[in-house]
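Please walk through this structure step by step, explaining how its strands, helices and side chains are arranged, for someone who has not seen it before.

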Amino acid sequence: MSNLQELEWNTDPGAAYEQPTLHHLLQHCPNISSFSYICNEGSAGAFQEDLEFCPQLSHLRIVCASFEQVRRLILRRPMLEHVSMQYRIPGDDIVASSEDEWLAKVNMVRWIRSKIRFELPTNVVPFGLDLREEEGVFWDPNG
């Protein structure tokens, strides 16, 4: 299996028992360059540490991750060129504190986009709120 270069992993919300299998598979497939982890929200799992076994990883499709997790992936995976997510972590894209904290998160997303092609759902707008938005990050000064 060391020659495996592309992997698409589909699972369902009740599949926590699959995590050891995925861990084992990634550990023994160091040449994976493209990995798609497709599942429903309930089985998002903590597999990101397992990606340490994939130094050639260049394309990643995941359920969701925080902007900070994506930043860390970029720093750990120098070959990474593209990350796409199925959905956003609720609340990660809304800053309800100071404008400086919001701008810091906006700058983090800009940095991410300067390093890789980064796709996340763009049709997500907090319902009924008129919030300032840049780079898909919203600022709610009213909290």
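In this predicted model, Ser34 has His59 as its bridge partner in strand β3, and this is one of the links between β2 and β3, which pair in the parallel sense over 3 bridges. Ser34 also serves as the bridge partner, in β2, of Glu6, and the strands β1 and β2 run parallel, joined by 5 bridges. Strand β2 is mostly covered, with 4 of its 5 residues buried.

The pairing carries on beyond β3. Strand β3, residues 59-62, and strand β4, residues 82-85, run parallel and are joined by 4 bridges, and Ile62 has Met85 as its bridge partner in β4. Taken together, the strands make up an open sheet of 5 strands in the order β1-β2-β3-β4-β6, with parallel pairing. At the edges of the sheet stand β1 and β6, the latter spanning residues 117-119, and each of these two pairs on one side only. On average, and with direction ignored, neighbouring strands of this sheet are turned by 5° against each other.

On the edge strand β1, one residue deserves a closer look. Asn10 lies in this strand and is partly exposed, its relative accessible area being 46%. Leaving aside residues up to four places away in sequence, Asn10 touches Glu18 and Ile38. Asn10 and Cys39 are 29 residues apart in sequence, yet from C-alpha to C-alpha they are 5.7 Å apart in space.

Next comes the first helix, and with it a question: which residues of helix α1 are buried? In this helix, which covers residues 19-27, they are Leu22, Leu25 and Leu26. These three lie on the same side of α1, because they cover an arc of only 95° around the axis. The strands against which the buried residues of α1 pack are β1, residues 6-10, and β2, residues 34-38, and β2 is the strand already described as mostly covered.

Aromatic side chains offer another view of how parts of the chain come together. A pair of aromatic rings is described by the distance of the centres and the angle of the planes. The structure holds 3 aromatic pairs, and one of them is formed by Phe67 and Phe118, whose rings are edge-to-face, with 6.3 Å from centre to centre and 70° between the planes. This pair links distant parts of the chain, since Phe67 belongs to helix α2, residues 67-76, whereas Phe118 belongs to strand β6, and the two are 51 residues apart. Both Phe67 and Phe118 are buried.

The cysteines remain to be considered. A disulfide is a covalent bond between the sulfur atoms of two cysteines. How many disulfides does the structure hold? The number is 0, and Cys54 can serve as an example of a cysteine without such a bond: the closest cysteine sulfur to its own is that of Cys29, at 7.6 Å, which is too far for a bond, given that a disulfide requires the two sulfur atoms to be within 2.5 Å. Cys54 is buried, with a relative accessible area of 0%. Cys64 also counts as buried, at 15% relative accessibility, because the cut-off for a buried residue is under 20% relative accessible area.

Notes
Residues are numbered from 1 along each chain as its sequence is written. This is a predicted model: local features need pLDDT of at least 70, side-chain atom pairs count only at pLDDT 80 or more; totals for chains, interfaces and linings use all residues. Side-chain values use heavy atoms; hydrogens and water are left out. Buried means under 20% relative accessible area, exposed over 50%, partly exposed in between (1.4 Å probe, protein chains only). The arc is that of the directions from the helix axis to the C-beta atoms. Contact means heavy atoms within 4.5 Å. Two strands pair if DSSP finds at least two bridges between them. Axes are lines fitted to C-alpha atoms, for helices over the stretch in contact, and angles run from 0 to 180 degrees between N-to-C directions. Rings of Phe, Tyr and Trp (its six-membered ring) pair if their centres lie within 6.5 Å; planes under 30 degrees apart count as stacked, over 60 as edge-to-face and the rest as tilted.
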